[in-house]
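Reader: I would like to learn how features of a protein model can be read one after another, with the general idea first and the particular case after it. Could we begin once the structure is in view?

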Amino acid sequence: MPENKNRNAPIDTAGVKEELLKSYPAKVARKRAKQIVVNDLAGGEPPEINANVRTIPGIITQRGCTYAGCKGVVLGPTRDILNITHGPVGCGFYSWLTRRNQTRPGSADEENFMMYCFTTDMQEEEIVFGGEKKLRKAVQEAYDIFKPKAIGIFSTCPVGLIGDDVHSVARDMKEKLGINVFGFSCEGYKGVSQSAGHHIANNQLFKHVIGLDDTKSKAKFRINMLGEYNIGGDAFVIEELLEQCGINLVATFSGNSTYDKFANSHIADLNCVMCHRSINYVADMMEEKYGIPWIKVNFIGAEATAKSLKKIAEYFDDKGLSEKVAEAVSAGMAEVKAVREDVRSRCEGKTAMLFVGGSRAHHYQELFREIGMKTVSAGYEFAHRDDYEGRKVLPSIKVDADSRNIEELKVEKDPGKFRARKSEEELKKLSGRGFEWKDYNGMMPDMESGALIIDDISHHETERMIEIYKPDVFCAGIKEKYIIQKMGIPCKQLHSYDYGGPYAGFKGAVNFYREIDRMVNNGIWKFIKSPWQANTCLVGKFASED
Ligand code: CFM
């Protein structure tokens, strides 16, 4: 495959796919071929992509583990649940959330454990004789020092292998200490990626926390924000916006959140889902059990923010609220437009690639579009087919052994707490106006036909994609960042935002435009020469080639 010398010439995407697969053994290539898909929208529907399947051994993936999804992603941003990692010290240390989730306690004496790293520091002795005793001691010690209202225990791989029962320890300690203690069977190997960890985390929150506190609220327009983790302060921006509009945020799952907010979240009248991948099932379960309807929102992108706020107002169908939202939108847009036009004049026509997690590779395309940049290729690390192709494919997703490994909770209407939020008539009225419930259409229908979609991109594929397309910016994470930069392309991290952000809402959009402008119009990258470009350090070949 010749490299893309003339960047305006259309790229033969099918040829690129072949090129990526060429280096793999036949069996591996066959498997990867189902995860690398040309986005052919000619038939009106995106093609099927294989997703949420095991990474092929030997391939360098960018995925994280189930423990990371459970402890790091979902529970990590909650400041007053004391999280103990039951396992070797490395698992606790590397999931120490010093880097990216932010939180803002209401006052100086409110609890905040986010800067701590709690672990049982398992040793060989516990691996051989069991670690439950040490875990019990750790829970007691944590309680004695901090007196938290809740403790979460997170299982790492060895815990599952040796068979420690974290749940029975949690039950005993809950009874003994009189606080809420719950465990997570989120061993790293439990699922094919961190996506399984989200599910395990959310199931336990649903079983052990949500719905515990029935305190009523007189606030109007009560919502929960689901799947917003306050990376780089995004949740703060969203909170401000909602407040400005007079919308009451009961709980965010789980950016800038607290235990009490989770416990009381079932009093909200609408669930708004940001990251569909990590939490859509909680929205379904809360609807089933408590009667809270849900909608998909997106606060990444100025237009998307405006649309989401209007959708919330439309749901509540209140004149005052609609007016306030309209005001906030026009004030926000005025700020955005001035910067957007200026940035667009320098960024129009440039290209981006996004290979991130399970939702951002889609959401951030909005921001690039707003400054005239085109996403030529994108993919998720661990999303499922519905995140690519839309929720309509849900019934046709095959449940494999790995998915079956993750508990599906049986949820029923709560006789005491279920409350229909809208009458049949109101629902009909909204639907008649084209209001979309549970309406995630996925990434692929939103992208250009012919774009290359790659699930669980490998290191090799990343390098070849950069060589072939030479995008103006590549969005990924810390694992890829320096490799991309050594290839002379700027890398924008979208997991931690490097030193930038927030990027949510109108304010965030302005931040993002400016930052991307600086990155793609900065001439410095083309001067980078990696050491191996001047001197070949090492040459290898397969033994079987001779
Ligand atoms: Fe959802 Fe997330 Fe993401 Fe995710 Fe993540 Fe993340 Fe992500 Mo990193 S919950 S799927 S597991 S939006 S940690 S806050 S940035 S990969 S795209």
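Reader: Which residues of α13 are buried?

Author: The model is predicted, and a residue is called buried when its relative accessible area is under 20%. In α13 that description fits Ala-302, Ala-304, Thr-305, Ala-306, Ser-308 and Leu-309, and also Lys-311, Ile-312, Ala-313, Tyr-315 and Phe-316. Because eleven of the 15 residues of α13 are buried, this helix is largely enclosed by the rest of the structure.

Reader: What span should helix α13 have, and how far apart are its end C-alpha atoms?

Author: The expected span is 1.5 Å times one less than the number of residues. For the 15 residues of α13, which covers residues 302-316, this gives 21 Å, and the end C-alpha atoms are 22 Å apart, which agrees. The helix is followed by Asp-317, whose phi is positive, near 50°.

Reader: Which residues come nearest to the ligand?

Author: Here one looks at the residues with a heavy atom within 4 Å of the molecule. There are 15 residues around the ligand, and among these Arg-100, His-198, Cys-275, Ser-359 and His-495 come nearest. Sorted by character, the shell around the ligand divides into six nonpolar, seven polar and two charged residues.

Reader: Which residues form a nonpolar patch on the surface?

Author: The patch is formed by Ile-127, Val-128 and Phe-129, which together have about 340 Å² of accessible area. Phe-129 belongs to helix α5, which covers residues 124-129, and with a relative accessibility of 71% this residue counts as exposed.

Reader: How many salt bridges are there in the model?

Author: The criterion is a side-chain nitrogen of Lys or Arg within 4 Å of a carboxyl oxygen of Asp or Glu, and by this rule the count comes to 40 salt bridges. One of them joins the side chains of Lys-392 and Glu-45, with an N to O distance of 3.5 Å. Since Lys-392 lies in the loop between α16 and α17 and Glu-45 in the loop between β1 and α3, the pair ties together parts that are 347 residues apart in sequence. Glu-45 is partly exposed, its relative accessible area being 45%.

Reader: With which residue does Glu-287 form a salt bridge?

Author: The partner of Glu-287 is Lys-438, and the closest N and O atoms of the two are 3.1 Å apart. Glu-287 lies in helix α12 and Lys-438 in the loop between α18 and β12, so this pair ties together parts that are 151 residues apart in sequence. Glu-287 counts as partly exposed at 25% relative accessibility, and Lys-438 counts as partly exposed at 34%.

Reader: Where do Asp-498 and Lys-481 lie?

Author: The side chains of Asp-498 and Lys-481 meet in a salt bridge with an N to O distance of 2.6 Å. Asp-498 lies in the loop between β14 and α21, whereas Lys-481 lies in helix α20, so the pair ties together parts that are 17 residues apart in sequence. Lys-481 has a relative accessibility of 8% and therefore counts as buried. Elsewhere, salt bridges that share partners join Glu-19, Lys-22, Arg-464 and Glu-467 into one network.

Reader: How far apart are Arg-421 and Asp-269 in sequence and in space?

Author: Arg-421 and Asp-269 are 152 residues apart in sequence and 6.1 Å apart in space, taken from C-alpha to C-alpha. Arg-421 has its place in the loop between α17 and α18, and at 13% relative accessibility this arginine counts as buried.

Conventions
Residues numbered from 1 in each chain as written. Predicted model: local features only at pLDDT ≥ 70, side-chain atom pairs only at ≥ 80, totals over all residues. Heavy atoms only, no water. Nonpolar A, V, L, I, M, F, W, Y, C, P; charged D, E, K, R; others polar. Helix = DSSP H or I, 4+ residues; strand = E, 2+ residues; numbered from the N terminus. Buried < 20%, exposed > 50% of the residue type's maximum accessible area, 1.4 Å probe, protein only. Patch = residues over 30% accessible without salt bridge, like charges linked within 9 Å, V, L, I, M, F, W, Y side chains within 5 Å. Areas by Shrake-Rupley, 256 points an atom, 1.4 Å probe, with all protein chains shown as cover.
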